[in-house]
Amino acid sequence: MTMTANAPARRAPRIKSRAVRRFMQHKLAMLGLVMIVTLALACFVGPYLLAFDELFIDLRARFAPPFTGGHIFGTDPLGRDIAARLFHAGQVSMTVGFAAMIMSTCIGSVVGVLSGYYGGAVSAVLMRIVDAFLSFPSVFLLLALAAFIQPGPAMITVIIAATSWMEVARIVQAEVKTLRDQDFVQAARMLGLSGRWIMFRELLPNAIGPIIVAATLTVARAILLEAYISFLGYGIQPPLPSWGNMLNGAQQYLQSAPWLAIVPGLAITIAVAGFNFVGDGLRDALDSRSEAR
Amino acid sequence: MLRYLSGRLGQSLILLFIVSLIGFFVLSLAPGGPLSQFALSPGMTQEQMDRVAEQMGLNRPIIVQYFDWLTSMLAGDWGTSYRDQQPVLTIIADHLFATMLLMGTATAIAVTVGTTVGIWSAVRRGSVFDYTTTVLAMVALSIPTFWFGLIAIYIFSLELGWLPAGNMYTVGDGSIGDYAVHLILPALVLALVDVAVWSRYMRTATLNVINQDFVRTARAKGLPNRRILFKHIVGNALVPMITLAGLQLPVVLGGALVTETVFTWPGMGRLFLDSLGYSDYPVVMGLLMASAMLVLIGNLAADLIVAVVDPRVRLS
Amino acid sequence: MTKDLPGKGFTRRGALQLFGAAGLMSATALSGTRALAANADPKGQIVLSFSQEPTVFNPLMPHIEVDEGVYYAIFDTLIDFDENGEFFPLLAAEVPTVENGGISEDGLTWKVTLKDGVTWHDGTPFTAEDVKFSLELPMNPDFISFRSTGYELMRNITVLSPTEITWEMTAPFAPMGAILASTFIIPKHAFDGVEDPNTAPFNNAPIGTGAFKWKERMAGDHIELVANPDYHGDGPYIETLIIKYIPDLNVMYTQFKSGDVDVIGLQYISPDHLEEAQTLDGKTVQVMGRATFESIGFNNMRPVFQDPAVRQALYLAVDKTSIIDALYYGVPTPTETYMPQQSFYYNPDLPKHEFNIEKANALLDEAGWVMGGDGVREKDGVRLEFTNSTTAGNHLREQAQQFIQQTFAEIGAKMEIKNLPPAVMWGDYWMNSEFDSVVVGLSTLSGADPDSSDYWMSTKIPAKGGSGQNTMAYANPKVDELLTEAANLFVPEDRKPLYMEQQKIMREDLPFLPLFQYAVVAGWKEGVEGPTQNVNNRIGTWNVRSWKWTS
């Protein structure tokens, strides 16, 4: 953003500080931030504080209810500590969510900026593809992909990204289209800068606000999608835990060991809500139009 | 109008073509295949598998299979299922009602509750009610639908025993009351996300209208608040919601798929999962196409309705 | 498949007793006690549930286990296996044997006499033409058929009279009786004038000779069948049979508890509910054995599995008792072989498995497998490391897998779990032996016939161009020899020692680690009479024609 010598970029610091201030005042967003940070800390530091290893099987301690035998969240059908598994699962699920977000944001940004900058036929073709992807439920497409791949965290990330880049593409396209004819772009053109330079150094940085908002919400979505396909048995495979596959076996024990279903579900909800809250706050903070609301 | 329609139709056809390409590309990546379901059956030797693969045309190049599929699709033949050799269209039609019933009920609930909540929080902007519903809506959007379904089953079916844990009706009963009892849980679970979306959008739409000139004029004329609310604000705010209903269709359809799997609902979502399990590509393709068509038709219908309802909108 | 079997083992004495003395005698006894008139007064309705949806209604097309659940209600076979593995006649007037002239002395000519006066559900008389049609259709090149084994050996199928049919075999084939026992007879007239047998209207509105008639199907939900008042055999005793599809085992169990489901069928009650189910009022719950056996199957072509010490050590490191008792709630039975324990050919004297980590470690030390710094053993550059795969989403199996992974680690064997979606798992990955090891439930017999050469003969390895199902790529010349010889013998007593010997060799070789023989927790409402264990049929409705309400 600071690389360019155009007017909006010079204004950037001021916008930035105002946005940060507005974000800090957004109570829900701050709550979301606290939720995410707490959960992330628990997942990445928590395992070191627990007495149990997430893979250690102890059949004598199966189905221990929460707060018994030192298991704060109880144990699973193999007698493994649910807390330890939950935190490891969190590392996996959140990593998948983040990685999928980065990939889909990249794909979406490239498609959006190409389409917005060139317009015409390029835009028509690209946006029809976006429309096509949007015209069936992404869950259908995701499952169709997941049913046929060799499941592993990397592949799951790729297919989640492959089915959730369209939103970003649309946003970037719309944003770039409006920026395209502004003075600083015209100036760059007259300076003889290449199309690639203009697109990625001039246009994209100026669309960063909406992209950040969309990206935050994409993390939430990606976590939900991972949970769902893993719940159905097509996602992350055990023994590697993920929040979704922890729920996978839980339905069977719903009556006898309900904590198996409740604990990971709550973790997902907290994580997703956290990102949604932050995303909402960012939208309000970065989008001056939203002040009208 | 006619020109507009034919234009939209042409666009939709191009979209469907792209959808079919995406679908076929995805399925062509698939290792294994529809015969794998028989691999553990006695008598299914490699020789027999090869023979059946040959008969079903599974060993042709994917490109040939695609054009074969495309030409018969254009002639109205959606292919036959690999699992049971039935026409795909018949199979989908058999499962359509259940999904429509579930989606319809959930949408009805969502629209009623969502618009009411949305209008109310817009009118009382900044109130405790507004703030609470805002937060609740965000939370609702964050709960995994399938998990919410599980918890609902745990509480209302297993613990309290009030409602059935699954299925669409009791065999041998099938009265309207019986359907209704089975519908409550899945419809509410599916409606949850929708209510959240609807109330958020309705709130925004209402706020936009409230700030418009004609409302101010009406207020200035001293019309009673209630009348302004219902006659001017709600009427105008609802128009963009029709478009939203169209755009929400894929989301609701996706949600229905998820809900059906938890509540053993005999609809298209269940069929989709079963067909995936059997690698029944023709049915999977058919469902992808059917859902895309449903979405496109829904969007078109929404746009047309808006044009009829709102004289300001011109189709072009 | 018998193409490779030389005819030398075929003896005159064997031919004389084709189908076995025991089978023959009880078969006649059974047919004697069976009333040959339909029950005049069927009463009530039974709701039977399956966790998969039956959708293939032409029994000669490729189908899965659950589809057969419907076939037994609608169709009849010529003969079938009872719970003791012995034949009884259904559409045949009697079980064909050499003694009654049904089979020639050389075993190459067959003649079956059919019951008289049987009609199809639409009133058309059932004749030998229908049998001929049903035996020929699987080999029709335009028909997508479920099997060619057995049928490919039949020649000159000739109708002698409306109740007599005969054919010749190109080679003697001991399991032919089992093939007949799983060939449901379908009506020829339903295919008259039908261009493509694969899309015949019959396939979705089946017409049979069975105890129940097709009424309607609500896709994704249930199938309704009604009593056939003109049934030629004993039964039916119930007016309506509803086959309900409930994809979730918990929902299925909940509905069984609440009484919405009268008989709980395929996939049955999950083992973790056994204890509770046994205490339910007004329900009968019974653990029933199945022919399927669960094992850790090796890809015997992989270098890591070449050393017998490795396979033995791994077997020692499987805590079978804990798996069965804790994870499976004691429902299945431990086993040492692929042969069901109810079978006449089962070898009960195989060495018993023991769980002994120290012994396993000692064995590997002795064999020269040296423990590496990362806790994984190694010998001659081969690390004791392999993947293990099974169907993703099979919870109990996944639990067992992870448990086994832990005990394997204790002997320096690293097992990496790599589970796959069903379509991938049982596709080329399985058929072409692309796996290192699997956890799989297999049923290698056809009916009660012990022949399983398709699975264990070295000529049946698909990955080596063989046309069989020996995907574990097991190869032992002695086993080849025994299986070939046994498939050419026809007297059970003569075949038995060969199969006993073969099981013993396989127990020593351990091409797979046998875990247990499956058992299911079946349940039905008190007052229902009929559901009976039968390891010789793939599904519990094998005798649905005689199910009834006693109260």
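In this predicted model, β13, β14 and β15 of chain C make up an open sheet of three strands, ordered β13-β14-β15 and paired in the antiparallel sense. Its edges are β13 (370-371) and β15 (382-383) of chain C, each of which pairs on one side only. Between β13(C) and strand β14 (residues 377-379) of chain C there are two bridges, and the two strands run antiparallel. Within this pairing, Arg377(C) of β14(C) is the residue that stands opposite Met371(C).

A further open sheet of chain C, again of three strands, follows the order β4-β6-β5 with antiparallel pairing. Here β4 (109-113) and β5 (154-161) of chain C are the edge strands, pairing on one side only. On average, neighbouring strands of this sheet are turned by 20° against each other, direction ignored. Five bridges link β5(C) to strand β6 (residues 164-169) of chain C, in the antiparallel sense. One residue pair can be named: Thr158(C) has Thr166(C) in β6(C) as its bridge partner. Helix α4 (residues 128-136) of chain C packs on the sheet and touches β5 and β6 of chain C. The direction of helix α4 of chain C makes about 170° with that of β5(C).

**Domains**

The domain assignment divides chain C into domain 1 (12-209 + 521-549) and domain 2 (291-519). Domain 1 of chain C is thus given as two segments, 12-209 and 521-549. The centres of the two domains of chain C, taken over C-alpha atoms, are separated by 33 Å. Where they meet, 20 residues of domain 1 of chain C are in contact with 18 residues of domain 2 of chain C. On the domain 1 side of this contact, α1 (12-16) and α5 (176-181) of chain C are the elements that give two or more residues. Of these elements, α5(C) gives the most, with four residues. The residues of that side are 12 nonpolar, eight polar and no charged.

Chain B is assigned domain 1 (2-74) and domain 2 (94-277). In chain B the C-alpha centres of domain 1 and domain 2 lie 35 Å apart.

**Contacts between chains**

Chain B takes part in a contact with chain A and in a contact with chain C. The contact of chain B with chain A takes 40 residues from chain B and 38 residues from chain A. On the chain B side, the elements that each supply at least two residues are α1 (2-28), α5 (128-142), α6 (145-159), α7 (176-210), α9 (225-263), α10 (268-277) and α11 (281-309) of chain B. By class, this side of chain B has 35 nonpolar, five polar and no charged residues.

In the contact between chain C and chain B, 46 residues come from chain C and 45 residues from chain B. Five elements of chain C each supply at least two residues of the side that touches chain B: β1 (45-50), β9 (240-245), α6 (249-258), α12 (422-425) and α13 (428-431). The element that gives the most to this side is α13(C), with four residues. The side of chain C that touches chain B divides into 21 nonpolar, 17 polar and eight charged residues.

The make-up of three of these contacting sides is set out below.

| Side | Nonpolar | Polar | Charged |
|---|---|---|---|
| Chain B, touching chain A | 35 residues | five residues | no residues |
| Domain 1 of chain C, touching domain 2 of chain C | 12 residues | eight residues | no residues |
| Chain C, touching chain B | 21 residues | 17 residues | eight residues |

**Nonpolar core and chain A**

The largest nonpolar core holds 333 residues. Phe140(A), Leu142(A), Leu143(A), Ile223(A), Tyr228(A), Val284(B) and Leu287(B) are the members that touch the most other members. Leaving out residues up to four places away in sequence, Val284(B) touches Ala144(A) in chain A and Leu27(B), Phe272(B), Ser275(B) and Leu276(B) in chain B.

Chain A has 12 helices and zero strands. Its C-alpha trace spans about 75 × 45 × 30 Å along the principal axes. Of the 293 residues in chain A, 55% are buried. Among contacts in chain A with a separation of 6 or more, 71% are between residues 24 or more positions apart.

Notes. Residues numbered from 1 in each chain as written. Chains lettered and ligands numbered in written order. Predicted model: local features only at pLDDT ≥ 70, side-chain atom pairs only at ≥ 80, totals over all residues. Contact = placed C-beta atoms within 7 Å. Nonpolar A, V, L, I, M, F, W, Y, C, P; charged D, E, K, R; others polar. Domains from an automatic or database assignment. Core = buried A, V, L, I, M, F, W, Y, C linked by C-beta atoms within 7 Å. Buried ≥ 20, exposed ≤ 12 C-beta atoms within 10 Å, placed from the backbone. Pairing = 2+ DSSP bridges. Axes fitted to C-alpha atoms, helices over the stretch in contact; angles between N-to-C directions.
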